[in-house]
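Student: I would like a close look at one part of this protein. Please take it step by step and keep to what the model shows.

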Amino acid sequence: MPAIIPIPAFSDNYIWLVREGRHAAVVDPGDAAPVLAYLESEGLTLSAIVTTHHHGDHVGGNAALLARFPVPVFGPARETIPGRTHALAEGDEITVPGLGWKLRVLDIPGHTAGHIGYVGSDANGGVAFVGDTLFAGGCGRLFEGTPAQMADSLGKLAALPAGTRVYCAHEYTLANLRFALAVEPGNVALQARLRRDQDKRDRGLPTVPSTLAEERATNPFLRAGEPDVFAVAQARAGRALMDAVDAFAVIREWKNGFR
Ligand SMILES: [Zn+2]
(Lines give C-alpha, C1' and ligand atoms only; values in the text may rest on other atoms or scores of the structure.)
Protein backbone atom coordinates (compact mmCIF):
# COMPACT_ATOMS: atom_id res chain seq x y z
CA MET A 1 0.00 0.00 0.00
CA PRO A 2 1.19 3.53 -0.70
CA ALA A 3 2.61 5.92 1.90
CA ILE A 4 1.44 9.53 2.09
CA ILE A 5 4.07 12.22 2.77
CA PRO A 6 3.52 15.96 3.37
CA ILE A 7 5.66 18.35 1.31
CA PRO A 8 5.34 21.85 2.80
CA ALA A 9 5.05 24.65 0.22
CA PHE A 10 4.69 28.45 0.39
CA SER A 11 3.79 29.62 3.91
CA ASP A 12 1.13 27.07 4.86
CA ASN A 13 0.33 24.69 1.96
CA TYR A 14 0.75 20.94 2.01
CA ILE A 15 1.44 19.11 -1.25
CA TRP A 16 0.62 15.44 -0.56
CA LEU A 17 3.06 13.03 -2.16
CA VAL A 18 1.95 9.41 -2.39
CA ARG A 19 4.75 6.90 -2.92
CA GLU A 20 4.82 3.20 -3.72
CA GLY A 21 8.06 1.52 -4.70
CA ARG A 22 10.00 3.88 -6.97
CA HIS A 23 6.91 5.80 -8.11
CA ALA A 24 5.14 8.81 -6.65
CA ALA A 25 2.04 10.86 -7.39
CA VAL A 26 1.41 14.35 -6.04
CA VAL A 27 -1.85 15.98 -5.00
CA ASP A 28 -2.18 19.72 -5.69
CA PRO A 29 1.44 20.66 -6.48
CA GLY A 30 1.24 24.44 -6.20
CA ASP A 31 5.02 24.63 -6.47
CA ALA A 32 7.25 22.23 -8.43
CA ALA A 33 10.55 22.98 -6.66
CA PRO A 34 9.97 21.19 -3.33
CA VAL A 35 8.40 18.21 -5.17
CA LEU A 36 11.34 17.88 -7.56
CA ALA A 37 13.77 18.16 -4.64
CA TYR A 38 11.99 15.37 -2.76
CA LEU A 39 11.79 13.10 -5.84
CA GLU A 40 15.48 13.67 -6.49
CA SER A 41 16.59 13.01 -2.92
CA GLU A 42 14.51 9.83 -2.69
CA GLY A 43 15.30 8.57 -6.20
CA LEU A 44 11.62 8.54 -7.19
CA THR A 45 9.89 8.97 -10.56
CA LEU A 46 6.71 11.04 -10.80
CA SER A 47 3.83 9.01 -12.29
CA ALA A 48 0.78 11.29 -11.92
CA ILE A 49 -0.54 14.68 -10.82
CA VAL A 50 -3.88 14.72 -8.99
CA THR A 51 -5.78 18.02 -8.68
CA THR A 52 -8.72 19.16 -6.55
CA HIS A 53 -9.34 22.68 -7.91
CA HIS A 54 -7.92 25.42 -10.10
CA HIS A 55 -6.33 27.85 -7.59
CA GLY A 56 -2.71 28.75 -8.31
CA ASP A 57 -1.37 27.42 -5.03
CA HIS A 58 -2.72 23.99 -6.09
CA VAL A 59 -1.80 23.87 -9.80
CA GLY A 60 1.09 26.36 -10.09
CA GLY A 61 3.69 23.58 -10.24
CA ASN A 62 2.00 21.48 -12.94
CA ALA A 63 3.84 22.96 -15.94
CA ALA A 64 7.33 22.61 -14.45
CA LEU A 65 6.63 19.07 -13.24
CA LEU A 66 5.25 18.10 -16.67
CA ALA A 67 8.36 19.52 -18.36
CA ARG A 68 10.45 17.05 -16.35
CA PHE A 69 7.90 14.16 -16.14
CA PRO A 70 5.20 14.07 -18.90
CA VAL A 71 2.60 12.30 -16.71
CA PRO A 72 -1.21 12.13 -16.66
CA VAL A 73 -2.94 15.02 -14.87
CA PHE A 74 -6.24 14.22 -13.14
CA GLY A 75 -8.53 17.13 -12.33
CA PRO A 76 -12.06 18.47 -12.13
CA ALA A 77 -14.02 18.45 -15.41
CA ARG A 78 -15.60 21.82 -14.65
CA GLU A 79 -12.41 23.82 -14.06
CA THR A 80 -9.36 24.81 -16.11
CA ILE A 81 -6.39 22.74 -14.91
CA PRO A 82 -2.96 23.15 -16.57
CA GLY A 83 -2.01 19.97 -18.46
CA ARG A 84 -5.18 18.10 -17.52
CA THR A 85 -5.49 14.76 -19.35
CA HIS A 86 -8.36 13.22 -17.32
CA ALA A 87 -11.49 15.33 -16.64
CA LEU A 88 -13.29 13.97 -13.59
CA ALA A 89 -16.64 14.28 -11.85
CA GLU A 90 -18.52 12.49 -9.10
CA GLY A 91 -18.86 8.76 -9.67
CA ASP A 92 -15.59 8.47 -11.58
CA GLU A 93 -12.97 6.04 -10.32
CA ILE A 94 -9.31 6.29 -11.21
CA THR A 95 -6.32 4.02 -10.80
CA VAL A 96 -3.28 6.22 -10.19
CA PRO A 97 -0.57 5.23 -12.70
CA GLY A 98 2.60 3.78 -11.22
CA LEU A 99 0.92 3.19 -7.85
CA GLY A 100 -2.00 1.00 -8.93
CA TRP A 101 -3.96 3.00 -6.36
CA LYS A 102 -7.72 3.34 -6.69
CA LEU A 103 -9.46 6.61 -5.87
CA ARG A 104 -13.12 7.56 -6.14
CA VAL A 105 -14.19 11.10 -7.05
CA LEU A 106 -16.68 13.29 -5.17
CA ASP A 107 -18.05 16.64 -6.37
CA ILE A 108 -17.53 19.04 -3.46
CA PRO A 109 -18.22 22.57 -4.80
CA GLY A 110 -18.39 25.71 -2.67
CA HIS A 111 -14.80 26.97 -2.32
CA THR A 112 -14.65 26.83 -6.14
CA ALA A 113 -17.49 25.90 -8.51
CA GLY A 114 -15.97 22.65 -9.77
CA HIS A 115 -13.94 21.50 -6.74
CA ILE A 116 -13.58 17.71 -6.46
CA GLY A 117 -12.25 15.41 -3.75
CA TYR A 118 -10.72 11.92 -3.87
CA VAL A 119 -11.52 9.03 -1.55
CA GLY A 120 -9.43 5.87 -1.21
CA SER A 121 -7.53 3.87 1.36
CA ASP A 122 -3.99 3.09 2.44
CA ALA A 123 -2.52 0.53 4.86
CA ASN A 124 -4.11 2.39 7.80
CA GLY A 125 -7.67 2.69 6.42
CA GLY A 126 -9.72 5.27 4.55
CA VAL A 127 -8.26 8.54 3.29
CA ALA A 128 -9.80 11.60 1.63
CA PHE A 129 -8.01 14.38 -0.27
CA VAL A 130 -10.29 17.36 0.16
CA GLY A 131 -8.25 20.33 -1.13
CA ASP A 132 -9.66 23.56 0.31
CA THR A 133 -13.16 22.26 1.12
CA LEU A 134 -12.90 20.71 4.59
CA PHE A 135 -9.98 21.96 6.69
CA ALA A 136 -8.80 20.53 9.99
CA GLY A 137 -11.15 22.38 12.35
CA GLY A 138 -12.62 24.56 9.60
CA CYS A 139 -13.68 24.86 5.97
CA GLY A 140 -12.67 26.81 2.87
CA ARG A 141 -13.93 30.27 1.98
CA LEU A 142 -16.85 30.49 -0.44
CA PHE A 143 -15.14 32.10 -3.42
CA GLU A 144 -17.41 30.66 -6.13
CA GLY A 145 -20.18 28.75 -4.39
CA THR A 146 -23.17 29.25 -2.12
CA PRO A 147 -23.49 28.29 1.55
CA ALA A 148 -25.98 25.58 0.53
CA GLN A 149 -23.47 24.05 -1.92
CA MET A 150 -20.67 24.10 0.65
CA ALA A 151 -22.87 22.68 3.39
CA ASP A 152 -23.90 19.88 1.01
CA SER A 153 -20.26 19.19 0.10
CA LEU A 154 -19.23 19.08 3.77
CA GLY A 155 -22.17 16.78 4.45
CA LYS A 156 -20.89 14.34 1.82
CA LEU A 157 -17.46 14.30 3.44
CA ALA A 158 -18.92 14.01 6.95
CA ALA A 159 -20.81 10.90 5.82
CA LEU A 160 -17.56 9.01 5.11
CA PRO A 161 -16.52 6.42 7.74
CA ALA A 162 -15.44 7.97 11.08
CA GLY A 163 -11.88 6.66 10.81
CA THR A 164 -11.27 8.32 7.43
CA ARG A 165 -8.13 10.48 7.55
CA VAL A 166 -8.71 13.90 6.02
CA TYR A 167 -5.86 15.36 3.97
CA CYS A 168 -6.55 19.06 3.43
CA ALA A 169 -4.15 21.40 1.65
CA HIS A 170 -3.31 24.01 4.33
CA GLU A 171 -1.96 24.17 7.88
CA TYR A 172 -4.73 26.46 9.20
CA THR A 173 -5.64 24.25 12.12
CA LEU A 174 -4.74 26.35 15.17
CA ALA A 175 -6.49 29.48 13.85
CA ASN A 176 -9.50 27.34 12.93
CA LEU A 177 -9.66 25.74 16.38
CA ARG A 178 -9.42 29.13 18.12
CA PHE A 179 -12.44 30.23 16.11
CA ALA A 180 -14.21 26.93 16.86
CA LEU A 181 -13.67 27.63 20.56
CA ALA A 182 -15.35 31.03 20.17
CA VAL A 183 -18.37 29.18 18.75
CA GLU A 184 -18.32 26.33 21.30
CA PRO A 185 -16.33 27.38 24.39
CA GLY A 186 -17.71 24.45 26.39
CA ASN A 187 -16.79 21.69 23.89
CA VAL A 188 -14.40 19.46 25.86
CA ALA A 189 -13.26 17.46 22.81
CA LEU A 190 -12.42 20.74 21.09
CA GLN A 191 -10.43 22.03 24.09
CA ALA A 192 -8.44 18.77 24.12
CA ARG A 193 -7.87 18.92 20.36
CA LEU A 194 -6.51 22.48 20.56
CA ARG A 195 -4.01 21.41 23.25
CA ARG A 196 -2.98 18.36 21.20
CA ASP A 197 -2.58 20.28 17.93
CA GLN A 198 -0.79 23.20 19.65
CA ASP A 199 1.70 20.65 20.99
CA LYS A 200 2.22 19.22 17.48
CA ARG A 201 2.89 22.69 16.05
CA ASP A 202 5.27 23.49 18.93
CA ARG A 203 7.23 20.41 17.85
CA GLY A 204 7.13 21.44 14.17
CA LEU A 205 4.75 18.62 13.18
CA PRO A 206 1.75 18.85 10.82
CA THR A 207 -1.69 18.67 12.42
CA VAL A 208 -2.98 17.17 9.15
CA PRO A 209 -4.39 14.60 8.58
CA SER A 210 -7.16 14.65 11.13
CA THR A 211 -9.91 12.04 11.27
CA LEU A 212 -13.54 12.55 10.39
CA ALA A 213 -14.44 11.48 13.93
CA GLU A 214 -12.40 14.45 15.25
CA GLU A 215 -13.96 16.79 12.71
CA ARG A 216 -17.49 15.74 13.57
CA ALA A 217 -16.77 16.31 17.27
CA THR A 218 -14.99 19.66 16.98
CA ASN A 219 -15.43 21.37 13.58
CA PRO A 220 -18.19 24.01 13.85
CA PHE A 221 -18.84 23.85 10.10
CA LEU A 222 -19.89 20.20 10.44
CA ARG A 223 -21.89 21.00 13.58
CA ALA A 224 -24.18 23.83 12.45
CA GLY A 225 -27.21 21.60 13.02
CA GLU A 226 -26.22 20.67 16.60
CA PRO A 227 -28.61 22.45 19.02
CA ASP A 228 -25.86 24.33 20.90
CA VAL A 229 -24.12 25.52 17.73
CA PHE A 230 -27.40 26.41 16.05
CA ALA A 231 -28.39 28.50 19.10
CA VAL A 232 -25.05 30.36 19.06
CA ALA A 233 -25.44 31.09 15.33
CA GLN A 234 -28.97 32.33 15.92
CA ALA A 235 -27.82 34.66 18.70
CA ARG A 236 -25.01 35.90 16.47
CA ALA A 237 -27.44 36.58 13.60
CA GLY A 238 -29.99 38.22 15.87
CA ARG A 239 -32.84 36.55 14.00
CA ALA A 240 -34.58 33.19 13.80
CA LEU A 241 -32.63 30.85 11.53
CA MET A 242 -34.46 28.45 9.26
CA ASP A 243 -32.16 25.45 9.17
CA ALA A 244 -28.61 24.12 9.47
CA VAL A 245 -27.62 25.69 6.13
CA ASP A 246 -28.73 29.08 7.43
CA ALA A 247 -26.68 28.50 10.60
CA PHE A 248 -23.71 27.34 8.51
CA ALA A 249 -23.86 30.59 6.49
CA VAL A 250 -23.85 32.69 9.69
CA ILE A 251 -20.85 30.80 11.10
CA ARG A 252 -18.95 31.10 7.78
CA GLU A 253 -19.58 34.89 7.74
CA TRP A 254 -18.48 35.14 11.37
CA LYS A 255 -15.22 33.31 10.61
CA ASN A 256 -14.47 35.65 7.68
CA GLY A 257 -14.16 38.55 10.12
CA PHE A 258 -12.69 36.64 13.08
CA ARG A 259 -9.22 37.60 14.34
ZN1 LIG B 1 -8.22 27.19 -3.04
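Student: What is the order of the six strands in the open sheet, and which kind of pairing does the sheet have?

Tutor: This is a predicted model. The six strands of the open sheet follow the order β7-β8-β9-β10-β13-β14, and their pairing is mixed. At the edges stand β7 (93-96) and β14 (210-211). Each of these two has a single partner strand, so one side of each is left without a neighbour in the sheet.

Further in, β9 covers residues 116-122 and is joined to β10 by five bridges. Strands β9 and β10 run antiparallel. Across this pair, Val119 stands opposite Ala128 in β10.

Strand β10 (125-131) also leads towards the metal site, as Asp132 is in the loop between β10 and β11 (134-135). Asp132 is one of the protein donors of the zinc ion, together with His53 (NE2), His55 (ND1) and His111 (NE2). Asp132 donates through OD, and the donors lie 2.2 to 2.3 Å from the zinc ion. In sequence, the spacing of the donor residues reads H-x1-H-x55-H-x20-D. The site thereby links distant parts of the chain: His53, in the loop between β4 (45-50) and α2 (56-59), is 79 residues from Asp132. Both His53 and Asp132 are buried.

As for geometry, the four donor atoms subtend angles of 89 to 168° around the zinc ion. A tetrahedral site would need all angles between 85 and 135 degrees, and the arrangement here is irregular because of the angles its donors subtend.

Technical notes: Residues are numbered from 1 along each chain as its sequence is written. This is a predicted model: local features need pLDDT of at least 70, side-chain atom pairs count only at pLDDT 80 or more; totals for chains, interfaces and linings use all residues. Side-chain values use heavy atoms; hydrogens and water are left out. Donors are N, O and S atoms within 2.8 Å of the metal (3.2 Å for Na, K and Ca); water is not among the atoms, so sites may look incomplete. Four donors count as tetrahedral if all angles lie between 85 and 135 degrees; four count as square planar and six as octahedral if opposite donors are over 155 degrees apart and all others between 65 and 115; anything else is irregular. Helices (H or I, at least four residues) and strands (E, at least two) are DSSP runs, numbered from the N terminus. Buried means under 20% relative accessible area, exposed over 50%, partly exposed in between (1.4 Å probe, protein chains only). Two strands pair if DSSP finds at least two bridges between them.
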